Amino acid sequence: MLKDRKNAAGLTDTLIGQGSSIEGKLECKSNLRLEGKFSGEIECLGQVVIGETGEARSNIQGGEVVVAGKVVGDISTRGKLTITGNGQVDGNVDVAKLIILEGGQLNGSSKMEPAAPAPAPAPANAKEKRKKSAQPEAG
């Protein structure tokens, strides 16, 4: 019996299996797992996993990226990039968090910028303090 591969949002994950070879631009709203070969552009709102047998000659944008195979190209994520012990990235990375396990390779530059923090709410009595400081002192 086949397992239903739909996620909580009702979207189906994308799998490019071992032995497959694809060229072009891939856009997906859910997760992507690459075990074959891909050449082109990858834009994914979910998690992108380049499996141990996967090879991407591609710039990758994803919500989160895991590399256990090989990527030749730049990676950009607002989340976490994990390069496993068998993973190799030949390109630049622009990520919020970077994890490279022992044996993993990053041949390129890395830029890390945390997600923008939410602005702190103003104190409730901030207006009162401004009014008091704007009035001249009586003397």
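Which residue forms a salt bridge with Glu27, and how far apart are the closest N and O atoms? In this predicted model, the partner is Lys25, and the closest N and O atoms of the pair sit 3.4 Å apart. Both ends of that bridge are out in the open: Glu27 has a relative accessible area of 54%, so it counts as exposed, and Lys25 is exposed too, at 53%.

The structure holds five salt bridges, and the Lys25 pair is one of them. Another links Glu55 to Arg57, with 3.3 Å between the closest N and O atoms. Here the side chains are less clear-cut cases, as Glu55 is partly exposed at 23% relative accessible area and Arg57 is partly exposed at 43%. Glu113 and Lys111 make up a further bridge, this time with the closest N and O atoms 3.2 Å apart. Glu113 comes out as partly exposed, with 46% relative accessibility, and Lys111 gets that label as well, at 43%. Some bridges also share partners, and in this way Lys25, Glu27 and Glu43 are joined into one network.

On to the cysteines. A search of the whole structure turns up zero disulfides. As a reminder, a disulfide is a covalent bond between the sulfur atoms of two cysteines. Cys28 is buried, its relative accessible area being 9%, and Cys44 is buried as well, at 5%.

Next comes the nonpolar interior. The largest nonpolar core has 21 residues, and Ile60 and Ile75 are the ones that touch the most other members. At least two residues of this core come from each of strand 2 (21-28), strand 3 (32-34), strand 4 (37-50), strand 5, strand 8 (80-83) and strand 10. Strand 4 is the top contributor, giving five residues. Once neighbours within four places in sequence are set aside, Ile60 is in contact with Ile42, Val48, Ile50, Val65, Val71, Asp74, Ile75 and Ser76. That list takes in Ile75, the other residue with the most core partners.

A polar residue, Ser58, deserves a look of its own. Ser58 belongs to strand 5, which runs over residues 55-67. With a relative accessibility of 4%, against a cut-off of under 20%, Ser58 counts as buried. A polar atom of the Ser58 side chain lies 2.7 Å from the backbone oxygen of Gly40. Beyond four places in sequence, Ser58 is in contact with Phe38, Gly40, Glu41, Ile42, Val71, Val72, Gly73 and Asp74. Two of these, Gly73 and Asp74, turn up again among the contacts of Asn92.

Asn92 itself sits in the loop between strand 9 (88-90) and strand 10 (93-95). This residue is partly exposed, with a relative accessible area of 36%. The C-alpha atoms of Asn92 and Asp74 are 4.8 Å apart in space, although the two residues are 18 positions apart in sequence. Leaving out neighbours within four places, the contacts of Asn92 are Gly73, Asp74, Ile75, Gly108 and Ser109. Ser109 also gets a polar approach: the Asn92 side chain reaches its backbone nitrogen at 3.0 Å. Asp74 thus links several parts of this account, being in contact with Ser58, Ile60 and Asn92.

Conventions: Residues numbered from 1 in each chain as written. Predicted model: local features only at pLDDT ≥ 70, side-chain atom pairs only at ≥ 80, totals over all residues. Heavy atoms only, no water. Disulfide = S-S within 2.5 Å. Buried < 20%, exposed > 50% of the residue type's maximum accessible area, 1.4 Å probe, protein only. Helix = DSSP H or I, 4+ residues; strand = E, 2+ residues; numbered from the N terminus. Polar contact = N/O pair within 3.5 Å; in protein donor to acceptor, adjacent residues only side chain to side chain. Contact = heavy atoms within 4.5 Å. Salt bridge = Lys/Arg side-chain N within 4 Å of Asp/Glu carboxyl O. Core = buried A, V, L, I, M, F, W, Y, C linked by side-chain atoms within 4.5 Å.
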